[in-house]
Amino acid sequence: MKMPLPWLRAFVRLSLLAGALLLGACGEEEQAQQVAPPPAVMVASVEQQDVTPSVTFNGRIEAVDTVDLRARVEGFIEQRRFKEGDDVKAGELLFMLEKAPYEAEIKKIQGQITAAKGTLRLAQIEVDRREKLVKRKLVAQAELDQAEAKHVQALGELQRLRAILERAKLDLGYTDITAPIDGKISRSPFSVGDFVTPSSDPLATIVSQDPMYVSFPVSARQLLEVRRTAETRGRNPRAVAVKVRLPDGSTYGETGTINFVDVQADPTTDTVTVRATIPNPQQILVAAQLVGVIVEQERPEQALVIPQAAIAVDQAGPYVLVVNKESKAEQRRIRTGSPQGSGITVTEGLRKGEQVIVEGLQKVRPGQVVAASEAKP
């Protein structure tokens with residue numbers, strides 16, 4: 001069936017009009033896409049600053065000296081002359097054991113020594129008499145030999161008793177138990193009247209307080225890097241400042257110095273134990289306490305610093321978006337160093353003066369034009 005000519009003309013006009021409208025809509029969409037404004041971002045300049053490089057570890061406080069007080073002789077405790085938890089000084093009397101048995105033993109030995117002296121004197125008289133008789137040939141030489149042997153025996157007995165007396169005096173001295181070091185004394189499991197022997201448990205423990213040690217494990221790789229860097233710059237690798245972060249997050253006011261690096265690594269963790277000495281005049285640090293350890297380089301050095309907000313991380317590691325001269329976002333892989341407040345040092349990947357995006361990262365793709373404005377400090 002053929003369409004009438006008027007209808008055919010109307011259909012053609014409608015088709016042309018629909019096509020024109022469709023083309024117009026597509027053009028408007030393309031134009032809208034072309035004129036869409038670039039995403040607005042905030043940027044910060046890469047700055048070069050004097051920074052003090054630092055590394056943080058987990059460490060533990062150790063006492064320089066820890067001494068267990070033990071009885072060196074047996075006896076009943078007559079006095080305990082301290083309060084548990086007190087500060088004690090070296091030489092301070094802490095425990096007194098009963099003295100009477102040891103004093104009696106000394107008197108007994110002194111009596112034996114007096115008798116031994118008499119025996120020795122008599123033996124000497126007998127030797128002198130036998131010598132005269134032998135010279136006059138009134139007695140045989142054998143009698144003189146016997147007298148001299150008895151004299152030697154008497155002298156030996158006297159020396160033996162004198163040694164026993166010295167030991168008895170030492171035992172008497174051991175009934176007074178004094179502090180061998182300055183420090184804080186622990187609780188004691190013994191009371192006045194308890195019987196103690198050299199095999200008994202420690203009477204108490206004294207822990208030195210000032211200074212203290214702080215020990216922390218450092219990976220063998222880090223230790224090697226520190227040594228190589230120090231050699232390159234002509235520095236002593238131990239010339240660092242050691243600070244302690246307390247359990248409440250505050251930084252301890254005193255600064256320590258490294259005094260020991262272990263001679264072998266732990267085969268299970270491949271770490272080397274490093275130890276520092278740190279003053280403890282206020283006794284804030286406590287032995288066996290878990291703390292953070294901040295190891296800082298003594299002298300500051302120049303380094304590039306960016307806000308930590310500029311850093312993003314994916315499976316390949318940390319990166320930033322740099323706004324180049326064409327106002328396009330450029331992805332840049334970086335290597336970070338130590339934190340510096342709200343910023344962080346960058347050792348690789350950036351140059352001084354470059355601008356990194358700190359706000360609006362989620363709205364930008366690498367290669368996209370952006371509208372950058374400087375972030376306020």
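In this predicted model, the side chains of R160 and E157 meet in a salt bridge, with 2.8 Å from N to O. Both residues belong to helix α3, where they stand three residues apart, about one turn of the helix. R160 is partly exposed, its relative accessible area being 43%, and E157 likewise counts as partly exposed, at 32% relative accessibility.

A comparable arrangement occurs in helix α2, where R129 forms a salt bridge with E126 and the closest N and O atoms are 2.7 Å apart. Because R129 and E126 are three residues apart in helix α2, they are separated by about one helical turn. R129 counts as partly exposed at 43% relative accessibility, and E126 is also classed as partly exposed, at 23%. This pair does not stand alone, since E126, R129, R130 and E143 are linked in a network of salt bridges.

A further pair connects parts of the chain that are separated in sequence. The side chains of K99 and D176 meet in a salt bridge of 2.7 Å, N to O. K99 lies in the loop between β7 and α2, whereas D176 lies in strand β8, so the pair ties together parts that are 77 residues apart in sequence. With a relative accessibility of 19%, K99 counts as buried, because the limit for that class is under 20% relative accessible area. Its partner D176, at 31% relative accessibility, counts as partly exposed. A search of the whole structure finds 13 salt bridges, and the table lists some of them.

| Salt bridge | N to O distance | Location |
|---|---|---|
| R160 and E157 | 2.8 Å | helix α3 |
| R129 and E126 | 2.7 Å | helix α2 |
| K99 and D176 | 2.7 Å | loop between β7 and α2; strand β8 |

D176 also leads into the sheet pairing. Strand β7, residues 93–97, and β8 pair in the antiparallel sense over three bridges, and within this pairing M96 stands opposite D176 in β8. D176 therefore has a place in strand β8 as well as in the salt bridge with K99. Strands β7 and β8 are part of an open sheet of four strands, which has the order β8-β7-β5-β10 and antiparallel pairing. Its edge strands are β8 (176–178) and β10 (195–196), each of which pairs on one side only.

Elsewhere, strand β3, residues 54–63, takes part in two antiparallel pairings. Seven bridges join β3 to strand β16, residues 290–297, and these two strands run antiparallel; here the bridge partner of V55 is V295 in β16. Four bridges join β3 to strand β12, residues 212–219, again with the strands running antiparallel, and in this case R60 has S215 in β12 as its bridge partner. In general, strands of a sheet pair through backbone hydrogen bonds, either parallel or antiparallel.

The helices also contribute to a charged area of the surface. D128, E131, D145 and E148 form a negative surface patch, to which α2 (100–135) and α3 (141–173) are the elements that give two or more residues. One of these residues, E131, is found in helix α2 and counts as partly exposed at 32% relative accessibility. Because patches are made of residues with over 30% relative accessible area and no salt bridge, the value of 32% for E131 lies over that cut-off.

Technical notes
Residues are numbered from 1 along each chain as its sequence is written. This is a predicted model: local features need pLDDT of at least 70, side-chain atom pairs count only at pLDDT 80 or more; totals for chains, interfaces and linings use all residues. Side-chain values use heavy atoms; hydrogens and water are left out. Patches are made of residues with over 30% relative accessible area and no salt bridge: like charges are joined within 9 Å, nonpolar side chains (Val, Leu, Ile, Met, Phe, Trp, Tyr) within 5 Å. Accessible areas come from the Shrake-Rupley method with a 1.4 Å probe; for residues, only the protein chains shown count as cover. A salt bridge is a side-chain nitrogen of Lys or Arg within 4 Å of a carboxyl oxygen of Asp or Glu. Lys and Arg count as positive and Asp and Glu as negative; His and the chain ends are not counted. The place of a charge is taken as NZ of Lys, CZ of Arg, CG of Asp or CD of Glu. Buried means under 20% relative accessible area, exposed over 50%, partly exposed in between (1.4 Å probe, protein chains only). Two strands pair if DSSP finds at least two bridges between them.
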